[in-house]
Amino acid sequence: PMAKHHFTSKRPDLLFRVRRAIRYQNSQKVFFDSLGDWTNFLTIICGGCVVFFVAASMTSRSTAAIVFGGLISALTALDLVLGYSVKARQHADLSRQFYELEQSMIKIGDTPSEDELKVTLNRRLEIESKGPFILRVLEATCHNEVARAMGWPSTEFAEIGFWQDIFKQFFDFQSDKLVDPR
């Protein structure tokens with residue numbers, strides 16, 4: 001049988017993992033919202049440039065109009081294919097579900113029964129199954145943020161390199177080199 005699990009233990013536990021998941025989903029939401037905002041901003045700027053250069057109707061400016069028109073098409077295609085706002089909403093929904101799970105865990109208290117622990121774990125796995133693949137470097141960053149917020153010593157933090165940190169929202173750069181203290 002499953003041993004009683006104390007949610008306030010120092011090591012990563014179910015509550016810690018839920019809090020890390022909330023931070024992860026919020027990070028992804030903000031990232032995709034920002035991509036959508038920048039795409040819209042650049043589309044508006046490029047559209048204005050096209051109008052300006054077409055209105056000027058000089059030969060060299062026609063080339064610029066074509067370039068800016070192509071940028072508009074590329075930016076719009078990226079937004080359509082990647083669906084920034086759809087992804088941002090998906091991560092916001094997952095974050096909300098993890099918040100609800102955290103609230104139910106807090107209501108249960110520090111000494112959940114075996115059945116309560118199983119239900120909670122099952123719910124966490126159910127929420128995770130609805131999400132896209134996890135970027136491990138970003139997850140390690142969220143691990144560090146939650147550990148710092150909970151007052152853990154730096155020995156409990158994952159070591160994340162400079163380039164890993166730069167690319168964490170895009171792809172897992174050298175995720176195999178992550179040093180996880182767990």
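A salt bridge is taken here as a side-chain nitrogen of Lys or Arg within 4 Å of a carboxyl oxygen of Asp or Glu. By this criterion, Arg20, Arg136 and Glu139 are linked in a network of salt bridges. The model is a predicted one, in which local features need pLDDT of at least 70 and side-chain atom pairs count only at pLDDT 80 or more, while totals for chains, interfaces and linings use all residues. Residues are numbered from 1 along each chain as its sequence is written, and side-chain values use heavy atoms, with hydrogens and water left out.

Within the network, the side chains of Arg136 and Glu139 meet at 2.7 Å, N to O. Both residues belong to helix 5, three residues apart, or about one turn of the helix (helices are DSSP runs of H or I with at least four residues, numbered from the N terminus). Glu139 counts as buried at 19% relative accessibility, whereas Arg136 is partly exposed at 43% (buried means under 20% relative accessible area, exposed over 50%, and partly exposed in between, with a 1.4 Å probe and protein chains only).

Across the whole structure, 12 salt bridges are found. One of them joins Glu145 and Arg23 at 3.6 Å, N to O; Glu145 lies in helix 5 and Arg23 in helix 1, so the pair ties together parts that are 122 residues apart in sequence. Another pairs Arg89 with Asp33 at 3.2 Å, N to O, and this contact links helix 3 to helix 1 over 56 residues.

Where, then, is space left open? The largest pocket has a volume of about 250 Å³ (on a 1 Å grid over the protein atoms alone, a pocket is an open set of points where a 1.4 Å probe fits, with protein on both sides within 12 Å along at least five of seven lines, and lining residues have an atom within 4 Å of a point; a volume is the space filled by probe spheres set on the points, which are joined across faces, edges and corners). Of its 14 lining residues, Gln28, Phe32, Lys87, Phe133 and Gln169 lie nearest the centre. Helix 1 gives the most to this lining, with five residues.

The second largest pocket, of about 180 Å³, brings the network back into view: Arg20, Arg136 and Glu139 are among its lining residues. Helix 1 again supplies five residues, the largest share of this lining.

How values were computed. Helix = DSSP H or I, 4+ residues; strand = E, 2+ residues; numbered from the N terminus.
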